[in-house]
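Let's take a look around the inside of this protein, starting from one residue and then moving on to the empty spaces.

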Amino acid sequence: MRTSPSRGLLTVLALAPLLAGCFVSGEGGSGGKAASGGRLRIALAVPPVQALSPYSNDATVLSKLSVAEGLTELDEDGAAAPALAKSWKQTNGTTWTFELRKATFQDGTEVTAESVVNALDHAGAAETRPRVLSDVTLTAKAEDADTVTITTKTADPVLPLRLASPALGILAPKAYGKGGTVSPVGTGTGPFEITKLTGKSKATLDRYDGYWGGRAKSSGIDVTWIADGTARANALRSGDVDIAEWIPTAQAKLLDKDTRHEVSSVRTDSLILNTRTGGIFADKTLRAAAREAVDGSALVDSVFGGYADPAQGLFGPAVSWAADNRVAVTARVGAATTAQVKAKTKGKTVRLAAITNRAELPEAATVLQQQLEKAGFTVKQDIREYTQMEADLLAGKYDALVFSRVTLLDTGDAVAYLASDFTSDGVYNIAGLKDAEVDQAIKAAAEEDDTARRQQKIMRAEAEVLRTDAVVPLVHEKVVQGIATDVEGVLLDPRERSLVDVDTRLK
């Protein structure tokens, strides 16, 4: 990393989950040098949902491509490290002070305390709040030109981790328009500047020579969004791109071995059941029947080609402390029998959704449909690209979803994932779960500032979530990234929020 965290924060920063994997430089690939003087060509999987607004899932793109930065970032071990803030200190349980480094936005204006406050205020006031803010309210104040004080309503021991979220990237004041619109085009602080965004298909990035961290080794990046995984793999094989993310497991072994790079991921694939009143799975006994019917281990070889582990819970082997702290799930309701399932669901069809952006998910949905139908359910699939169904998923218009979730994406801290996805007021609560015991367990974990005890409470919260059968973990994925042999310095990140930085280049 560029610098070390400020002294006195080791206890707080140790709360970051340690990962079994780490950042490494990829040196593999298929061929074909970029034709435009050191520019990288990258194929990404998920097209922009909201024109690369940081308040949507698009935020991760800004992080992967080193366009925008937060006050902090995560280092190789998942701990908070300096980014736009060069140091920080905690003055009391709810107050932190951050000292800014000298940096400029890509529009030439300076990064000041006021611009940081402006960015954080807009994030907090967004119509759809970023998931990272689902369990906390921040108040930012400029003390002087280079000092920002951030307070929280309640103690937040992992605030430095939270501020590393791609959704809390600091953009220039001109990025924030009327009606809550946010544009990262030419307004970030990273080594690469978005100069052109073409709908949901392409983006052009040029090197930003004013970057505080030094001049990038690549002159720019040409991004193409290719939702079809086979097409991404083919683009790498043919030399049309230098980097292709998320190679489908069925395609991975067709690549030259020097072009495929496997990384143990914090990504867990699950069957999410819609618990909202009026739906099929509002009935707990039917949720239990679905859980008993589903066998994720059947997917490991048949669908994922061995690039996955059977799910042990919400958190897999890439979260190194999870297994030792796992809590047995108790007090589950009894499952409806096959006859009861048929009687309770007579005339009703389970609407099973899956997204095409990860090629394995539609295949998994077909296997799960067969398993559910064997248990007495009638199932109909709806397979679409994620951006086409996100709003409907959040609105509860499906009964079940085969979903792939990077559990430590938003903050690097597991509590934020649990809070956004499973609390009663969670902003990404696709299951529509409202359970007081779940809420309390997650709240208890959020308030704990001792590392070991926090991890224990996270796993107790996991057990409470699993008790409800709102989510049925299937597998823990191993992500395969495709990298051309003439590229070096690619970041293989278990959290999937980093891909290129100042050192990524063509050889």
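In which strand does leucine 44 lie? This is a predicted model, and in it leucine 44 belongs to strand 2, which covers residues 39-44.

Is leucine 44 buried or exposed? Its relative accessibility is 1%, and buried means under 20%, so leucine 44 counts as buried. Setting aside neighbours within four places in sequence, leucine 44 is in contact with Val61, Leu65, Val223, Thr224, Trp225, Ile226, Arg232, Glu245 and Leu499. Glycine 229 sits 185 residues away from leucine 44 along the chain, yet their C-alpha atoms are separated by 9.6 Å.

Now for the cavities. The structure has six of 30 Å³ or more, and here are the largest and the second largest.

| Cavity | Volume | Lining by class |
|---|---|---|
| Largest | about 430 Å³ | 12 nonpolar, four polar, eight charged residues |
| Second largest | about 110 Å³ | nine nonpolar, two polar, two charged residues |

The largest cavity has 24 lining residues, and Val46, Asn57, Trp246, Arg267 and Leu409 are the ones nearest its centre. Helix 2 (59-64) and strand 17 (400-406) are the elements that each give two or more residues to this lining. Strand 17 supplies the largest share, with four residues.

As for the second largest cavity, with its volume of about 110 Å³, 13 residues line it, and Ile272, Tyr417, Asp421, Phe422 and Val471 come closest to its centre. Two or more lining residues come from each of strand 13 (260-273), strand 17 and helix 13 (414-422).

Technical notes
Residues are numbered from 1 along each chain as its sequence is written. This is a predicted model: local features need pLDDT of at least 70, side-chain atom pairs count only at pLDDT 80 or more; totals for chains, interfaces and linings use all residues. Side-chain values use heavy atoms; hydrogens and water are left out. Buried means under 20% relative accessible area, exposed over 50%, partly exposed in between (1.4 Å probe, protein chains only). Contact means heavy atoms within 4.5 Å. On a 1 Å grid over the protein atoms alone, a cavity is a set of points where a 1.4 Å probe fits but cannot get out, and a pocket is an open set with protein on both sides within 12 Å along at least five of seven lines; lining residues have an atom within 4 Å of a point. Grid points are joined across faces, edges and corners, and a volume is the space filled by probe spheres set on the points. Ala, Val, Leu, Ile, Met, Phe, Trp, Tyr, Cys and Pro count as nonpolar, Asp, Glu, Lys and Arg as charged, and the others, Gly among them, as polar.
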